[in-house]
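Student: I would like to go through this chain by question and answer. Please give the reasoning along with each value.

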Amino acid sequence: MHDLTSLHHSSPTTVSNIIGTVVAVQANFYQVRLDSPLKDYNDAAISHLLCTRRTRLKKIGQTVMVGDRVMVEEPDYQDARGAIAQVLDRKTQLSRPPVANAEQMLLVFALDEPLLEPWQLSRFLIKAESTEIPFLLCLNKADLLTSTQQKTWEERLEKWGYNPLLISVKTFQGLEALKNCLKDKITILAGPSGVGKSSLINTLIPQVKQRVNRVSGKLQKGRHTTRHVELFELPQGGLLADTPGFNKPNLDCSPSQLIHYFPEARKQLERGTCQFSNCLHRGEPNCVIEEKWERYEHYLTFLEEAIVQQEATQQMADQESTLKVKIKASGEEYYEPKLETKKYRRTSRRQKHQNLQDLYDNQSLEELEEFEDDLDF
């Protein structure tokens, strides 16, 4: 935290070292929560500033994300405005959702309504593992299941390598334990639509009124109710980032990396090494990965997806290497094949003269006389 005791309130332009956290981004405006509140001309506290981004940051390609630690200049006390002059170094950064400096992820699923689907859950877990940010698996709507059914899911997920926290927004089951996990940290809230993320936020932060939509009756899938990323302040301390819902996160990892995102497979890899260094663990000789674990089928399916994606990326890279971008008079971009230099390009006049000079330097007198006779026709 930065000390603001040196602030002078007589003129806004004299204020320096105002540090805060970006809690919301919409269009070209950034809501910044200040580490230490400012005092306006009436001695009232200003805890947030609505800021724009300095032009020089745009010129150097410096983006501003939710969660960024920023330095603000020239605060306007009357309208609570300012300008972001600098973005401090990020500890972590995610592109989807676009959040900086997140310390953990809260992955929320529903046990019922919609029914917990193992394949979808597995995909989200792999995506969470690939971010390398610690995360907590939270299963909502526990009140819809019997204690025996809850126990069955807990034991099943423990075999996957996870210790889920079962909660119920309706009965408040497990909420105190969840609050303790979120205290004083920046947490990304993620998960499919309809699992109760907005209801959970309303319960954890009563002053925030989130839109809550019911689950679709036909498809038993939730409708998206969050439109942009925003950080909400938790009463016990900490920030919670609500992210736009998505039903199928991309598995943007290489085929060789995928196996390391399964905790139950990591344990097997600790026992030894495979015979082949490029082993993809799908039946190769002397592979240390066994086939008798529940999510092995998930692994094989996701592996094929990763291979297809890698091949498509490589094909795109090869295609781009043989194309060049051209711009029409209207400003529209289009691609055309690059010409092979030796095969298609016209030899320059200088190169022609050089070739003739080399010819005269290296040929005998008789050969030159024959060459001149050939030219004199």
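The exchange below deals with a predicted model.

Student: How many helices and strands does the chain have?
Tutor: Of the 377 residues in the chain, 40% are buried. Among contacts with a separation of 6 or more, 60% are between residues 24 or more positions apart. The secondary structure of the chain comes to 11 helices and 15 strands.

Student: Are the axes of α2 and α3 parallel, perpendicular or oblique to each other?
Tutor: Helix α2 covers residues 118-130 and helix α3 covers residues 147-160; their axes come within 13 Å and cross at roughly 45 degrees. Angles under 35 degrees would count as roughly parallel, and 65 to 115 as roughly perpendicular. The angle of α2 and α3 fits neither range, so the two helices are oblique.

Student: Is the crossing of α2 and α3 left-handed or right-handed, and what residue classes meet there?
Tutor: On the α2 side the contact residues are P118, L121, S122 and L125, and on the α3 side they are W153, R156, L157 and W160. By class, this contact has six nonpolar, one polar and one charged residues. The crossing itself is right-handed.

Student: Is Q120 in α2 buried, partly exposed or exposed?
Tutor: Q120 is placed in helix α2. Its C-alpha lies 9.8 Å from that of F109, which is 11 residues away in sequence. Buried means under 20% relative accessible area and exposed means over 50%. Q120 has 24% relative accessibility, so the class is partly exposed.

Student: What is the geometry of the F262 and W293 ring pair?
Tutor: The whole structure holds seven aromatic pairs. In the pair of F262 and W293, the ring centres are 5.8 Å apart and the planes are at 75 degrees. Planes over 60 degrees apart count as edge-to-face. The pair is therefore edge-to-face.

Student: Where do F262 and W293 sit, and which aromatic cluster includes them?
Tutor: F262 is in the loop between α6 and α7, W293 is in the loop between α7 and α8, and the two are 31 residues apart. F262 counts as buried because its relative accessibility is 0%, and W293 at 12% counts as buried as well. The aromatic cluster is made up of F262, W293, Y296 and Y299.

Student: What is the relative accessible area of V70, and which residues does V70 touch?
Tutor: V70 lies in strand β4, and its relative accessible area of 0% makes it buried. The C-alpha atoms of V70 and V32 are 8.2 Å apart, with their positions 38 residues apart along the chain. Not counting residues up to four places away in sequence, V70 touches I18, I19, G20, V22, V32, V64, I84, Q86, V87 and L88.

Student: Which residues other than glycine have a positive phi, and what are the values?
Tutor: Most residues other than glycine have a negative phi. E74, found in strand β4, is partly exposed at 47% relative accessibility, while F172, in the loop between β10 and α4, is exposed at 56%. Phi is about 45 degrees for E74 and near 70 degrees for F172.

Student: Which residues does the cis peptide bond join, and what is omega?
Tutor: Most peptide bonds are trans. P114 is placed in the loop between β8 and α2. The cis bond joins E113 and P114, with omega about 5 degrees.

Technical notes
Residues are numbered from 1 along each chain as its sequence is written. This is a predicted model: local features need pLDDT of at least 70, side-chain atom pairs count only at pLDDT 80 or more; totals for chains, interfaces and linings use all residues. Side-chain values use heavy atoms; hydrogens and water are left out. Axes are lines fitted to C-alpha atoms, for helices over the stretch in contact, and angles run from 0 to 180 degrees between N-to-C directions. Helices (H or I, at least four residues) and strands (E, at least two) are DSSP runs, numbered from the N terminus. Angles under 35 degrees count as roughly parallel, over 145 as roughly antiparallel, 65 to 115 as roughly perpendicular and the rest as oblique. A crossing is left-handed if the near helix is turned anticlockwise from the far one by less than a right angle, and right-handed if clockwise. Contact means heavy atoms within 4.5 Å. Ala, Val, Leu, Ile, Met, Phe, Trp, Tyr, Cys and Pro count as nonpolar, Asp, Glu, Lys and Arg as charged, and the others, Gly among them, as polar. Buried means under 20% relative accessible area, exposed over 50%, partly exposed in between (1.4 Å probe, protein chains only). Rings of Phe, Tyr and Trp (its six-membered ring) pair if their centres lie within 6.5 Å; planes under 30 degrees apart count as stacked, over 60 as edge-to-face and the rest as tilted.
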